[in-house]
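Work through the exercises below with the coordinates open. Each task is followed by a solution in steps.

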Amino acid sequence: MDEMVHALEEKRLLEKKGIRSRPAAHLNDVRVTTKGVGEELLNLQKRCATASFSITVRTDPSHANLPLVYHDAVSQDFIKLLFGMDIDDFALKMEAYVLFRIKGIAKNNNDRKTMTKRIVCVLVKRGLREITGEYSLDMEWKRYESKIVDTWRVELVGWPVKEFDPHVLGVKDLETCVAALKGPDPVCYWRKLDDEELTQHHTSLNAKKASGEIVTKQRKKRSDAGKKRGSKTRPR
């Protein structure tokens, strides 16, 4: 019995502190942990009148997570005053330093493309979160019409290139997107939709679905569909 308890404790410790081998588990672990850190720092600020920021970047180029940043207004102003850039741009530069210095990646055209793509993704995500007030919201490039416009009543206007997905763009187009998204008066920006515009979008979206221009992903049918399933209880 003692051996079983010991084995269970080791398994729980491995799940809590062990290395994540699956990309999805790794990405989820990073997001959940950093979100918890941000919530703790926010609560600390409310309780004790503190100022904080937290930046988490990947150290392995095979991992997919973007830089994750928590900051309050004071720390954001501090970074901008000291380094002359937004804290999201600072986080991207930190990631570039960590990757290029620790992993010894050559600064070739492919690296330039990767970093420029990440800058585009961060700028778009930052604008989306600011206009919706949902600071855990992520951009949905492949389901933008239904998951972003339809759900949050906002749209990204002024996208400067033909393909609406930075993951398929070349360096030149990515740099064009960065130029359009940055600056005091960007030509590509988020805006809210009024009721009439949202109705027009619904009409357009339904027409695209009917014509096959947008394919709605169907959920896979369960193998035991239609059969009565009993309640599941976890073994103790």
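**Exercise 1. Find which residues His 201 touches beyond four places in sequence, and classify His 201 as buried or exposed.**

Solution. The model is a predicted one.
- Step 1: locate the residue. His 201 sits in helix 8, which covers residues 195-211.
- Step 2: list the contacts, leaving out residues up to four places away in sequence. Glu 145, Val 149 and Asp 150 remain.
- Step 3: classify. The relative accessibility of His 201 is 11%. Buried means under 20%, so His 201 counts as buried.

**Exercise 2. Describe the surroundings of Met 85 and Phe 90.**

Solution.
- Step 1: place both residues. Met 85 belongs to the loop between helix 3 (73-83) and helix 4, while Phe 90 is part of helix 4.
- Step 2: take Met 85. At 17% relative accessibility it counts as buried. With residues up to four places away set aside, Met 85 touches Ile 79, Lys 80, Phe 90 and Lys 93.
- Step 3: take Phe 90. Outside its neighbours within four places in sequence, Phe 90 contacts Ile 55, Ile 79, Phe 83 and Met 85.
- Step 4: compare the two lists. Ile 79 appears among the contacts of Met 85 and among those of Phe 90.
- Step 5: add a distance. Val 69 and Phe 90 are 21 residues apart along the chain, and their C-alpha atoms are separated by 9.9 Å.

**Exercise 3. Identify the buried residues of helix 7, then examine Leu 174.**

Solution.
- Step 1: go through residues 171-181. The buried ones in helix 7 are Val 171, Leu 174, Cys 177, Val 178, Ala 180 and Leu 181.
- Step 2: take Leu 174 from this helix. Its relative accessible area is 0%, so Leu 174 is buried.
- Step 3: list its contacts, not counting residues up to four places away. Leu 174 touches Lys 113, Thr 116, Lys 117, Val 120, Pro 166 and Leu 169.
- Step 4: check a pair of C-alpha atoms. Those of Leu 174 and Met 115 are separated by 9.7 Å, with their positions 59 residues apart along the chain.
- Step 5: look past the helix end. Gly 183 follows helix 7 and has a positive phi, near 100 degrees.

**Exercise 4. Compare the span of helix 2 with its expected value, and state what its buried residues pack against.**

Solution.
- Step 1: helix 2 runs over residues 23-48, which makes 26 residues.
- Step 2: at 1.5 Å a residue the expected span is 38 Å. The span from first to last C-alpha is 37 Å, close to that value.
- Step 3: the buried residues of helix 2 are Ala 25, His 26, Val 30, Thr 34, Gly 38 and Leu 41.
- Step 4: these buried residues pack against strand 1 (53-56) and strand 2 (68-71).

**Exercise 5. Determine phi and exposure for Ala 49 and Arg 153.**

Solution.
- Step 1: recall the usual sign. Most residues other than glycine have a negative phi.
- Step 2: Ala 49 follows helix 2 and lies in the loop between helix 2 and strand 1. Its phi is positive, near 55 degrees. At 71% relative accessibility, Ala 49 counts as exposed.
- Step 3: Arg 153 is in the loop between helix 6 (144-152) and strand 3 (154-157). Its phi is near 60 degrees, again a positive value in a residue other than glycine. With a relative accessible area of 31%, Arg 153 is partly exposed.

**Exercise 6. Characterise the largest pocket by volume, lining and residue class.**

Solution.
- Step 1: the largest pocket holds about 1,500 Å³ of space.
- Step 2: 43 residues line this pocket, and the closest to its centre are Leu 68, Lys 125, Arg 129, Tyr 135 and Asp 138.
- Step 3: assign the lining to elements. Helix 2, strand 1, strand 2, helix 4 (87-102) and helix 5 (109-132) each supply at least two residues. Helix 5 gives the most, with 9 residues.
- Step 4: sort by class. The lining has 15 nonpolar, 11 polar and 17 charged residues.

**Exercise 7. Summarise the whole chain.**

Solution.
- Step 1: the secondary structure comes to 8 helices and 4 strands, in the order α-α-β-β-α-α-α-α-β-α-β-α.
- Step 2: 30% of the 236 residues count as buried.
- Step 3: the accessible surface is about 17,100 Å², and 53% of it belongs to carbon and sulfur atoms.
- Step 4: of the contacts with a separation of 6 or more, 57% join residues 24 or more positions apart.

Terms used
Residues are numbered from 1 along each chain as its sequence is written. This is a predicted model: local features need pLDDT of at least 70, side-chain atom pairs count only at pLDDT 80 or more; totals for chains, interfaces and linings use all residues. Side-chain values use heavy atoms; hydrogens and water are left out. The expected span of a helix is 1.5 Å times one less than its number of residues. Buried means under 20% relative accessible area, exposed over 50%, partly exposed in between (1.4 Å probe, protein chains only). Contact means heavy atoms within 4.5 Å. Accessible areas come from the Shrake-Rupley method with a 1.4 Å probe; for residues, only the protein chains shown count as cover. On a 1 Å grid over the protein atoms alone, a cavity is a set of points where a 1.4 Å probe fits but cannot get out, and a pocket is an open set with protein on both sides within 12 Å along at least five of seven lines; lining residues have an atom within 4 Å of a point. Grid points are joined across faces, edges and corners, and a volume is the space filled by probe spheres set on the points. Ala, Val, Leu, Ile, Met, Phe, Trp, Tyr, Cys and Pro count as nonpolar, Asp, Glu, Lys and Arg as charged, and the others, Gly among them, as polar.
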